[in-house]
Amino acid sequence: MSDQVSCTVDDGLAVVRLERPDKHNALTLDMLRALTRTSASLRREPRLRAVVLTGSGPSFCSGLDIPSVLPERVGLARAFVPQPLRGTNVFQEACWGWRRVPAPVLAAVHGHCYGGGLQLALGADLRWTSPTACWSVMEGRWGLVPDMGGVQALSQLVGIEQAKRLTFEAATIEGPEAVRLGLAGECVDDPYAAALAWAQEVATRSPHSLAEAKRLFEQTWAQGARRTLAAERRAQLRLLLRGAGRRTR
């Protein structure tokens, strides 16, 4: 773990918190590695029901701390090298690794949600935003592209024209517009409380059902009907063999 990222697990509910409030939780290489380790650790948590991603202080995450990252030439070069089995580098896995966690992952967004912070939020399954939260695909302002899973996530959540517009313009939008475009699912005054309440409700459901449903969507969203239907059959059979088929509530 890292002193810049904390993770607590209580009764199957994990809260992962960015802990650089004085820097609006701008991402260092250490934080990216810690996020990667944390998602990998939670994948092995047998009683996990849900994960809430949030940030301490005034913001969710203001993006990559470029002034701190660029001088680390060796660490930066190593962070760009993809891991052969998973196919992602450290930057990508810090965000996309949450898609590999079997339980639903929820992002509670407030304050700044810029660049790499936005890509981290898009790595979650569901997102709550405050009305005053500021979202931006900000990489364009630095002459960069959203390469931490952002292109993949944007392609799933918004149409290609909106994805290009958000990326080309690097404009800042607030919570209600983020919901309208599909970047977030709900705009509420207290996104952390809302995400936590949702997680506690879902914690009463079968973890195997949640995991299979998440895996289905992740594996088949861009596939044709034939492969999707086959994946549905395999998932349902696994659940039935586990003894599912009874109401859980």
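Start by selecting Glu-169 and Arg-165: in this predicted model, their side chains meet in a salt bridge, with N and O 3.3 Å apart. Both residues belong to helix H7, which covers residues 160–169, and they sit 4 residues apart, about one turn of the helix. Colour the pair by accessibility and you'll find Glu-169 partly exposed at 47%, with Arg-165 also partly exposed, at 39% relative accessibility.

That pair is one piece of a longer list, as the structure holds 12 salt bridges. Next, pick Arg-43 and Glu-93. Here the closest N and O atoms are 3.9 Å apart, and the two residues form a salt bridge. Arg-43 comes from helix H1 (residues 29–43) and Glu-93 from helix H4 (residues 90–96), so this contact ties together parts that are 50 residues apart in sequence. Buried or exposed: which is Glu-93? At 1% relative accessibility, Glu-93 counts as buried, while its partner Arg-43 is partly exposed with a relative accessible area of 32%. Keep those two on screen and add Arg-86 and Arg-100: Arg-43, Arg-86, Glu-93 and Arg-100 are linked in a network of salt bridges.

Now jump to Asp-125 and Lys-214. Their side chains meet in a salt bridge at 2.8 Å, N to O. Asp-125 is in the loop between helix H5 (116–122) and strand E6 (126–129), and Lys-214 is in helix H10 (residues 207–220), so the pair ties together parts that are 89 residues apart in sequence. On the accessibility side, Asp-125 is partly exposed at 22%, whereas Lys-214 is buried at 10%. The cut-off for buried is under 20% relative accessible area, so Lys-214 falls within it.

Time for the cysteines. How many disulfides does a search of the whole structure find? The count is 0. Select Cys-7 to see this for yourself: the nearest cysteine sulfur belongs to Cys-95 and is 16 Å away. Cys-7 itself is partly exposed, with a relative accessible area of 25%. Then try Cys-187, which is also in no disulfide; its nearest cysteine sulfur is that of Cys-134, 12 Å away. Cys-187 is partly exposed as well, at 30% relative accessible area.

Last stop: switch to a surface view and select Arg-226, Arg-227, Arg-233 and Arg-234. Together these four arginines form a positive surface patch. To place one of them, show the cartoon again and look at Arg-234, which lies in helix H11 (residues 225–241). Arg-234 counts as partly exposed, at 47% relative accessibility.

Key:
Residues are numbered from 1 along each chain as its sequence is written. This is a predicted model: local features need pLDDT of at least 70, side-chain atom pairs count only at pLDDT 80 or more; totals for chains, interfaces and linings use all residues. Side-chain values use heavy atoms; hydrogens and water are left out. Patches are made of residues with over 30% relative accessible area and no salt bridge: like charges are joined within 9 Å, nonpolar side chains (Val, Leu, Ile, Met, Phe, Trp, Tyr) within 5 Å. Accessible areas come from the Shrake-Rupley method with a 1.4 Å probe; for residues, only the protein chains shown count as cover. Lys and Arg count as positive and Asp and Glu as negative; His and the chain ends are not counted. The place of a charge is taken as NZ of Lys, CZ of Arg, CG of Asp or CD of Glu. Helices (H or I, at least four residues) and strands (E, at least two) are DSSP runs, numbered from the N terminus. Buried means under 20% relative accessible area, exposed over 50%, partly exposed in between (1.4 Å probe, protein chains only). A disulfide is a pair of cysteine sulfur atoms within 2.5 Å.
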